[in-house]
Amino acid sequence: MILSDQAYMKMALSLARRGLGRTWPNPAVGCVIVNAGRIVGRGWTQVGGRPHAEVVALVQAGKRANGATAYVTLEPCAHHGQTPPCSEALIEAGIARVVAAMEDSDPRVSGRGFAQLRGAGVVVETGICAKDAAESNAGFFLKTEVGRPFVTLKLALSLDGRIATLTGDSQWITGSEARRAVHAMRATHDAVLIGAGTARGDDPSLTVRGLGIGHQPVRVVAAQSLKIDLESSLAKTARDVPVWLCHGSDVKDEDRAAWIDLGAELIACETDASGLEPHQMMQALGHKGLTRVFCEGGGHLAASLLRADLVDRLVIHSAGVAIGGDGLAGLASMGHDVLADAARFRLASHRQLGVDIEHIWQRA
C-alpha cells in the first residue's frame, strides 16, 4: 500500500526518537527508504552519532535503493567528517527523490546537502512534518546555534510545592509509575544534572534502571566546591558511568585529584554571587557536545536555571500529599519583586501516572 509522504515521514521521526540521548554531539535522525510503495530500508543514527541514519537505511535497502524515495528527518550531511557525506551516499545508491523534514542549521551543512542532491538530479522536497522534526532536534539546534543544550527541568512536588520534609526526607513523594517515567525521560537525554546539595542529601545513582537499557546518560553535578562524599554512589561508579563535575576556580587541589583518580571529569566554570554562573556552565556542557540535559534539581540549581531563562521544558510530577510550610520548597528564592518578572510557560500536555499527575510545560 502506498502511503502519503507525511505517513512515511512520521515513521522516520519515530525511528529518529530511538536515538534521543544516544547520538550526541550529532542529531538524532531517522530515515525510511521506499521503492514502489514498499519500505526497503529503515535506519536511525546510531550510538555516538554514527553511522548516520541514511547509511544504515541504504545498507538495508541495498540495490532496491535505486530509483527509490528516501524520507529523512533532517537535511543529509554534505561535509567530510569521520564519515563520508550522506548526500553522496544517497546519490551513489541511485535515490531518485529525497523528502526531508527540514534544513540542518549546522553551517557545515545548511543547504549544501540539498544543493548537492539537486545538482545530481535528485528531486528534493522539504517541510514535511517540520514542526515535529524541529522539536526532536531542538537540543542539536540550540547547541549549534546558541552553544548550549536543551534543558528539561523535572520537579517532583507535593500539593503545596515541597520536595522534602523539614528533615530532608523525600523518598518517596511520588509513586512508582511517576518514578518509572523519570527513568524513561533520563534515557532520552544525553545527561542528567543535579546540584551538589542533592548529591549530598540523596546520594543518587542517576542511572536508568528497570527499562532493560544498557546505555546510560552522563551524570553531571553542579558542585562549586567539589564537596561531595568520595564514598558516594556517584564516586564509586564514576569509572562505569561517566561523571562530570562542574566546579568553581577555588577548589582545593587535593579534591580535584581525588575525583580525577576516581575517574570523574572536571569542568571549570565561572561563578557569580549565587554560585556557578548558569549560562557559562551550560555553554561549557554544550562545548563538550551535550544537546539534551535533564535536570532533577535541587531547589537552588532549579531556581538558578529559571532565573537565567535556561529552562526549555518543565516537567512537574504532582503528588497527593501535603507537607507544609516547614518543608523544603521545590524552588529556592527567585528574587522577583513583581509578577511580570516571573518565568512563564505554556502547558504542552498532562496525564495521570498512577496516583500522581504529570504536567509538561514548554517555554512560553
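**Exercise 1.** In this predicted model, work out which elements make a right-handed β-α-β unit with strand 8, and in which sense strand 8 and strand 9 pair.

*Solution.* Begin with the elements themselves: strand 8, helix 8 (residues 196-202) and strand 9 together make a right-handed β-α-β unit. Next, turn to the pairing, where strand 8 and strand 9 (residues 218-222) are joined in the parallel sense over five bridges. As an example of a contact between these two strands, take Gly195, whose bridge partner in strand 9 is Ala222.

**Exercise 2.** Find how many bridges join strand 8 to strand 14, and establish whether the residues of strand 8 are buried or exposed.

*Solution.* Strand 14 (residues 292-295) runs parallel to strand 8, and three bridges join the two; within strand 14, Phe294 is the residue that stands opposite Val192. For the covering, count along strand 8 (residues 191-195), where five of its five residues are buried. Then separate the two faces: Ala191, Leu193 and Gly195 lie on one side, Val192 and Ile194 lie on the other, and all of them are buried.

**Exercise 3.** Determine how many disulfides the structure holds, and examine where Cys246 and Cys295 stand in relation to the nearest cysteine sulfur.

*Solution.* The structure holds zero disulfides. For Cys246, the nearest cysteine sulfur belongs to Cys269 and is 4.2 Å away, whereas a disulfide requires sulfur atoms within 2.5 Å. For Cys295, which is likewise in no disulfide, the nearest cysteine sulfur is that of Cys246, 11 Å away. As a last step, consider accessibility: Cys246 is buried, with a relative accessible area of 0%, and Cys295 also counts as buried at 0% relative accessibility.

How values were computed: Residues are numbered from 1 along each chain as its sequence is written. This is a predicted model: local features need pLDDT of at least 70, side-chain atom pairs count only at pLDDT 80 or more; totals for chains, interfaces and linings use all residues. Side-chain values use heavy atoms; hydrogens and water are left out. Buried means under 20% relative accessible area, exposed over 50%, partly exposed in between (1.4 Å probe, protein chains only). Helices (H or I, at least four residues) and strands (E, at least two) are DSSP runs, numbered from the N terminus. Two strands pair if DSSP finds at least two bridges between them. A crossover is right-handed if, with the strands pointing away from the viewer, the path from the first strand over the helix to the second runs clockwise.
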